[in-house]
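User: I should like to examine how the labels applied to a structural model follow from its values. Please set each value against its definition.

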Amino acid sequence: MLCLALGFMVIGMPVAFAIGVASLTYFLLPTTFMPDATAVQRIIASSQSFPLLAVPLFILVGHLMNGSGITERMMTLASTCAGWMRGGLAQVSLLLSALMGGISGSAVADAAMQSRILGAPMIKEGYTKGFTAALLSVGGLITATIPPSLGLILYGFLGEVSIGRLFIAGIVPGVLLTIALMTATAWIARSRDYKPVVERAPTFREVLSAIRTSFWAILFPVWLIVGIRFGIFTPSEAGAFAVAYALVVGLLIYRELSLASIVDALVLSVRDIGMIMFIILLSGAFGYVITFERVPQTLAQLTLGLFSSQTALLFTISVFLLLFGMLVEATVIVMLLTPILVPVITAAGIDPVHFGLIMMTLVTFGGMTPPVGVSMFTVCGILNCSYKEYTRELIPLAAAVLAVVAVMILFPDVVMFLPNLMMGR
């Protein structure tokens, strides 16, 4: 069934229909004794989920934030804090991705936004098109890791894993990715003599002024984590709070959110939500068949027989996810593989929160690599960059990302100490 779905995608069938048709074929087989109506029931049942409500709400928040003046203020803060470093504009883009992680939640959205804002200025400053495109694309990986990440919401929903713990666990890996990519960028900038934006480091007063300007934007992810940690709201309710917060900040505090921009945000959100939710609904039948056929239990028995070490199992699955992520879009991989892999790693004694951060980092990064990376296509299309040049410039940045993943696998406490500290085991 999985091969059939992938085959449909290869010949150009839309993802949702590829998953849906492949799932329905199971119920039409002569050997299947379940009634055909079961497939329809499972599709409908997939929509009856309170945690899933977080997805449309956070998509709407991302579009509202872009129209409320928050992005511009975050840009000012990032420029103040990182503009003095070697390769200043490149460092600013990475810091901006980290700051926007608590707002947009989407790697592709962040990469597209930054390509339009920083792409042309970076090329004008002497950065090669390939390096500019690769950096802006990979920077979106930080956004997809720092909460609220849409990928982590979907993983938590499909794998029945605490979304609150996933959000908190994403903070440290997000910071590590930022540091690793900024270090790699500094090394590249030194070898190519990429200049800083400003000549000196900012004074404390200048940093304080930039923080004050973007105070309400910075406060949003803080409210999010504190609210979930102390049980003020669930992740789904946090999405509703975030929408209200974005409206209040944009309309009453910054006063840059107009009625027209609200309508635009709603239209764009409906388009994104329709696409993602349609995939989620049709994958409901797929997940049901996998569970009914006891695929996870069979795989768990097989893998536990082959791997005596949790580390070896994680590295093996990680290589598979990285290769799979190069061919298939991240959301689709989460839909298809989460119901299969979570029982396998749980049976091996691996925390599903730990595995969730590794999985989302790798499959999201796959979207930034050849041959069919969505972020790669998006950024290269905006900047008119060749895929060959992009791929060549991606190599040192990819090495930094994979080094962070290796640290996450070898030292689980790097991922788990913060959720264990804040929310208990």
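**Labels and their grounds**

User: Why is tryptophan 216 called partly exposed?

Analyst: The model is a predicted one. Tryptophan 216 has a relative accessibility of 33%; buried means under 20% and exposed over 50%, so a value in between is termed partly exposed. The residue lies in helix H13.

User: What makes up the nonpolar patch on the surface?

Analyst: The patch is formed by Phe215, Trp216, Val248, Leu251, Leu252 and Ile253, and together they have about 520 Å² of accessible area. Two or more residues come from each of helix H13 (215–229) and helix H14 (235–253). H14 gives the most, with four residues. Membership requires over 30% relative accessible area, and tryptophan 216 is at 33%.

User: Why is H8 called oblique to H21?

Analyst: Helix H8 (residues 129–145) and helix H21 (residues 387–410) pack at an angle of about 40°, their axes being 8 Å apart. Angles under 35 degrees count as roughly parallel and 65 to 115 as roughly perpendicular, so an angle outside these ranges and not over 145 is oblique. H8 is therefore oblique to H21. Their crossing is right-handed.

User: How do you know that glutamate 393 and arginine 192 form a salt bridge?

Analyst: Their side chains meet at 2.7 Å, N to O, and the criterion is a nitrogen of Lys or Arg within 4 Å of a carboxyl oxygen of Asp or Glu. Glutamate 393 belongs to helix H21 and arginine 192 to helix H11, 201 residues apart, so that distant parts of the chain are linked. At a relative accessible area of 8%, glutamate 393 is buried, whereas arginine 192, at 35%, is partly exposed.

User: How many salt bridges does the structure hold?

Analyst: There are three salt bridges. Among them is the pair of glutamate 256 and arginine 73, whose closest N and O atoms are 3.1 Å apart. Glutamate 256 lies in the loop between H14 and helix H15 (259–292) and arginine 73 in helix H5 (residues 70–82), so the pair ties together parts 183 residues apart in sequence.

User: What makes arginine 73 buried?

Analyst: Arginine 73 has a relative accessible area of 17%, and buried means under 20%. Arginine 73 is therefore buried. Its partner, glutamate 256, has 40% and is partly exposed.

User: Where is proline 196, and why is proline 196 called partly exposed?

Analyst: Proline 196 is in the loop between helix H11 (171–192) and helix H12 (204–213). Its relative accessibility is 26%, and partly exposed covers values between the limits of 20% and 50%. Proline 196 therefore counts as partly exposed.

Conventions
Residues are numbered from 1 along each chain as its sequence is written. This is a predicted model: local features need pLDDT of at least 70, side-chain atom pairs count only at pLDDT 80 or more; totals for chains, interfaces and linings use all residues. Side-chain values use heavy atoms; hydrogens and water are left out. Patches are made of residues with over 30% relative accessible area and no salt bridge: like charges are joined within 9 Å, nonpolar side chains (Val, Leu, Ile, Met, Phe, Trp, Tyr) within 5 Å. Accessible areas come from the Shrake-Rupley method with a 1.4 Å probe; for residues, only the protein chains shown count as cover. Buried means under 20% relative accessible area, exposed over 50%, partly exposed in between (1.4 Å probe, protein chains only). Axes are lines fitted to C-alpha atoms, for helices over the stretch in contact, and angles run from 0 to 180 degrees between N-to-C directions. A crossing is left-handed if the near helix is turned anticlockwise from the far one by less than a right angle, and right-handed if clockwise.
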